[in-house]
Amino acid sequence: MQPKMKHLYYPLTVDPGGIITITEQGQLYEILQVVLSCKLFERLETSKPAEQLAAEMDWEEETTVRLLNVLVKAGYLEFFQGGYRNTAVTNTFFLPEHFLYLGHRFDDGLLLNSSRSKLLRCLRKDPDTLISKEPKWDHEQLRQIGVNALTGSIQNTVNSCDLTDARYMLDLGGGHGFYSIALAQKYPELKITLFDLPQVIALAHHFIVRFHMEEQINLLSGNFLQDDIQSGYDTVLCSNILHSDKRDIVLAKVKKALRPGGKIILKCRIADCPNTLSNDLNKLFWQVHGGKELFTQAEWRGFLSAHGFYNSKTVNLEGMFATMIASS
Ligand SMILES: C[S@@+](CC[C@H](N)C(=O)[O-])C[C@H]1O[C@@H](n2cnc3c(N)ncnc32)[C@H](O)[C@@H]1O
């Protein structure tokens, strides 16, 4: 039913606030796409007047000033000694050499593989979007997965698992290594083996060296579907690795690799996550990017018990992810 509008001088009875906010955020998103592609922030690590910046970039001066002022209002730049310079947020997340660089979130553009073109292809039942394909697991993709998770998810998972009594842990498909590094830092007595594909191990090694964790984290390369993952572990972490046909093979192997009474930590996307806009967006884009299956926590518990794990419980819910622990 449409609300009646009698007098145009009355305040609106339906609030357009949400739509205005989202369109402004959309404009800001496009502005950030432009400035990141022009590498603007690389030039503002130290303060610079607008005229100098406009001259360096060969940009129109008035537009440059207006752009810089928007970036100040949005919290990405600040005025300093008569010029503009990056804020701490920008220096941390928008300088490509920074470990936590998140500029990839703005790479979408109009590229063929952008989320919007994939969404459209999915809606139009493009046959290519109906099959889920194994990603190539290149270093940049895994770095992006890792730093996205470092915005809170890794910390919440690590802090929801008590590994005080564990001595040997396997991080299966550990990729970037951030879970292993965080756990090794939290539990200095814990010895961790990170297992991943040969082409991925160099990435994990890079970050392990960066955080000086070589003593505590050992790297093992191989294919967990075919190769020996070794045994005698107190804990095995399986974070985002149990997709489709891998699930049964890996769970059976993990069961054998754990000592009796050892624990599996499972981190996975779940269908029964809280009903929020953010989770619904994530579910949509998970589907669009090829993730065709999504199970409830009860279904995950069923997979665990089918492989002989018991006492499974969810210890953390974070967006559309659950962290579950079960005994072997
Ligand atoms: C989605 S990433 C998860 C990375 C990390 N565990 C996390 O939760 O952020 C999946 C990881 O599993 C690894 N992987 C996939 N198939 C594998 C296989 N057959 N053998 C070993 N590692 C594999 C990939 O290289 C990648 O590092």
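This report walks through a predicted model of a protein chain with a ligand, going from its domains to a few single residues.

## Two domains

Let's begin with the big picture. The protein chain splits into domain 1, covering 17-96, and domain 2, covering 139-327. Measure from C-alpha centre to C-alpha centre and the two domains are 37 Å apart.

## The opening helix

Helix H1 takes up residues 17-37, which makes 21 residues. From its first C-alpha to its last it reaches 30 Å, close to the 30 Å expected at 1.5 Å a residue.

H1 is also hardly covered, with a buried count of one among its 21 residues. After H1 comes Lys39, and its phi is positive, near 55 degrees.

## Around the ligand

Who sits next to the ligand? There are 17 residues around it, and the ones that come nearest are Trp137, Gly173, Gly175, Ser239 and Asn240. Helix H6, residues 139-149, gives the most to this shell, chipping in four residues.

As for the chemistry of the shell, nine of its residues are nonpolar, seven are polar and one is charged.

## Strand S9 and its partners

Now have a look at strand S9, residues 321-327. Five of its seven residues are buried, so this strand is mostly covered. One partner is strand S7 (residues 258-269), which pairs with S9 in the antiparallel sense over seven bridges. In S9, Ala326 has Ile264 standing opposite.

Strand S8 (residues 310-318) is another antiparallel partner of S9, this time over six bridges. Here Leu317 stands opposite Ala322 of S9. S8 and S9 make a hairpin, with two residues between them. Gly319 is in that turn, and its phi is positive, about 55 degrees.

## Two loop residues with positive phi

Asp58 isn't a glycine, yet its phi is positive, near 60 degrees. You'll find Asp58 in the loop between helix H2 (50-57) and helix H3 (61-73). Is Asp58 buried or exposed? Asp58 counts as exposed because it has 6 C-beta neighbours inside 10 Å, and the cut-off for exposed is 12 or fewer.

Gln230 is another residue other than glycine with a positive phi, near 65 degrees. Its spot is the loop between strand S5 (217-221) and strand S6 (233-239). Gln230 has 14 C-beta neighbours inside 10 Å, so it counts as partly exposed.

Definitions and conventions
Residues numbered from 1 in each chain as written. Predicted model: local features only at pLDDT ≥ 70, side-chain atom pairs only at ≥ 80, totals over all residues. Near = placed C-beta within 6 Å. Nonpolar A, V, L, I, M, F, W, Y, C, P; charged D, E, K, R; others polar. Expected span 1.5 Å × (residues − 1). Buried ≥ 20, exposed ≤ 12 C-beta atoms within 10 Å, placed from the backbone. Domains from an automatic or database assignment. Pairing = 2+ DSSP bridges.
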